[in-house]
Amino acid sequence: MHRSTVPAFVLACLSITGCTSSSGPEALVAGIPSRETTSSVTPTAPVPQASVGETRAPLRAEPAQKVLAWGGPMPSGSPAFAAVDQQNAAAPTLPQPRASIAPQIGAALPNERPVQLAMAGAPAISAGSAVRSRIFRSNFSDAKPINFGKVTPRHFPVHGVDVSRWQGNIDWERLRSRGANFAFIKATDGGDHLDPMFKTNWNRAKAAGVKRGAYHFFYWCRAASHQAEWFIRNVPRDPDALPPVIDVEYNGESSCKMRLPRAKVLEKMQVFMDMLERHYGQRPIIYTAPDFYKDHLSGEFLNYPFWLRAVAQHPSRVYPDRKWLFWQYSGSGLSHGVEGKIDLNVFSGSEEAWNRWSRGGNG
């Protein structure tokens with residue numbers, strides 16, 4: 001092609017066909033973060049620029065998208081649950097992360113899909129691991145506190161957070177001492193966007209002794225297999241990590257306006273989760289919000305752990321038919337160690353249950 005024709009061609013491509021996207025591979029290589037927003041919080045400080053590293057094989061670009069907040073489930077096995085347990089004959093069971101068997105992609109999945117935690121036979125805790133597994137009591141506050149009734153987040157001993165680039169540079173040691181015993185960290189969304197703070201948050205959280213897992217925001221206009229491959233490419237297979245999370249919800253700000261029927265939603269989720277389970281050796285956790293759950297997930301995936309968003313009422317009212325592992329109870333939390341607001345969560349059991357579950361196959 002003659003050199004003088006290149007600028008005209010590029011301009012025509014940009015203005016007429018819309019062939020590039022601010023969340024596409026070119027944007028990643030250039031270090032330009034996408035316009036997505038990953039949490040219910042509003043950033044109060046400049047967001048760090050992307051630093052992706054080596055250039056990889058180009059992927060198909062997808063439209064720029066914004067990501068909404070995601071939430072979590074609620075605990076059991078505590079006197080605080082008496083009021084709820086009286087209404088529900090059976091107390092909730094806690095899903096167990098799969099043993100870290102380091103399976104290869106393409107390996108067959110086990111036929112059985114147990115949902116209960118294997119609480120027995122936990123290895124003894126060494127002196128060093130005892131320090132790292134210390135549970136810090138929650139000292140979080142909330143810009144918009146909610147009265148949840150008889151059973152509140154304060155009744156649960158193990159609190160944590162979920163974060164993304166919008167929290168900026170986090171002081172992980174300080175955040176942990178304020179009550180962040182676990183963290184779910186934004187890694188990817190769609191098939192070509194990597195959160196520019198993922199690698200930093202992933203490494204610093206572990207160094208501070210915070211048990212952490214990575215989450216992926218699912219994009220309904222992209223093949224599930226492509227999204228799983230992108231997540232696997234960017235999230236290390238770390239035996240210390242919590243199970244990976246698939247975040248499924250509606251996003252009114254996304255350029256993807258597709259609303260799939262329930263059967264197709266379940267099919268795409270299953271493809272994505274199967275690929276992650278084969279690779280990481282752990283059953284993924286499903287994060288969702290009330291409206292999406294009602295339309296697509298009620299009564300489905302009974303052998304998967306759930307992380308439920310319920311920021312106005314207790315999960316037993318919002319999701320009456322669902323046992324849950326994590327509960328996201330606030331999108332307006334405040335804490336030392338992070339500027340602005342942060343999402344707050346609790347684990348659905350006692351300290352002992354947390355130590356057993358978080359060590360189960362995770363080191």
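How many cavities of 30 Å³ or more does the structure hold? The structure holds two. The model behind these views is predicted.

**View 1. The largest cavity and its lining.**
The largest cavity has a volume of about 70 Å³. Its lining consists of W202, G213, A214, V235, P236, D238, A241, L242, P244, Y280 and Q282. Sorted by class, eight of these residues are nonpolar, two are polar and one is charged. Y280 returns in View 4, where its ring pairs with that of F231.

**View 2. The largest nonpolar core.**
This core has 60 residues. W172, M269, I286 and L297 are those with the most contacts inside the core. Which helix gives the most to this core? Helix 8, residues 262-280, does, with eight residues. Apart from the largest core lies another one, of 16 residues. Among the members of that other core are V245, F347, A353 and W357.

**View 3. The surroundings of I286.**
Residues up to four places away in sequence are not counted here. I286 touches I246, V248, M269, M273 and L297. I286 also touches F301, Y304, P305, F306 and W307. Two of these partners, M269 and L297, are listed with I286 among the residues with the most contacts inside the largest core.

**View 4. Aromatic pairs that reach helix 8.**
The structure holds 28 aromatic pairs. One of them joins F218 and F272, with 5.6 Å centre to centre and 90° between the planes. This pair is edge-to-face. F218 lies in the loop between strand 5 (211-217) and helix 7 (224-234), and F272 lies in helix 8, so the pair ties together parts that are 54 residues apart in sequence. Are these two rings on buried or exposed residues? F218 is buried, at 1% relative accessible area. F272 is buried too, at 0% relative accessibility.

F231 and Y280 form another pair. Their ring centres are 5.9 Å apart and their planes stand at 80°, so this pair is also edge-to-face. Because F231 lies in helix 7 and Y280 in helix 8, the pair ties together parts that are 49 residues apart in sequence. Both F231 and Y280 are buried.

**View 5. An aromatic cluster.**
Which residues form one aromatic cluster? The members are F182, F184, Y287, W307, F326, F347, W354 and W357. Two of them, F347 and W357, also belong to the core of 16 residues. Another member, W307, touches I286.

**View 6. F301, a loop residue with positive phi.**
F301 is found in the loop between helix 9 (290-297) and strand 8 (306-309). Phi of F301 is near 50°. That is a positive value in a residue other than glycine. F301 is in a loop, yet it counts as buried because its relative accessibility of 12% falls under the 20% cut-off. I286 is one of the contacts of F301.

**View 7. S225 in helix 7.**
S225 has its place in helix 7. Is S225 buried or exposed? S225 is partly exposed, with a relative accessible area of 26%. Leaving out residues up to four places away in sequence, S225 touches V271 and M275. The C-alpha atoms of S225 and L276 are separated by 9.9 Å. Along the chain, S225 and L276 are 51 residues apart.

How values were computed
Residues numbered from 1 in each chain as written. Predicted model: local features only at pLDDT ≥ 70, side-chain atom pairs only at ≥ 80, totals over all residues. Heavy atoms only, no water. Core = buried A, V, L, I, M, F, W, Y, C linked by side-chain atoms within 4.5 Å. Buried < 20%, exposed > 50% of the residue type's maximum accessible area, 1.4 Å probe, protein only. Helix = DSSP H or I, 4+ residues; strand = E, 2+ residues; numbered from the N terminus. Contact = heavy atoms within 4.5 Å. 1 Å grid on protein atoms, 1.4 Å probe; cavity = no way out; pocket = protein on both sides within 12 Å on 5 of 7 lines; lining within 4 Å. Points joined across faces, edges and corners; volume = space filled by probe spheres on them. Nonpolar A, V, L, I, M, F, W, Y, C, P; charged D, E, K, R; others polar. Phe/Tyr/Trp six-rings, centres within 6.5 Å; stacked < 30°, edge-to-face > 60°.
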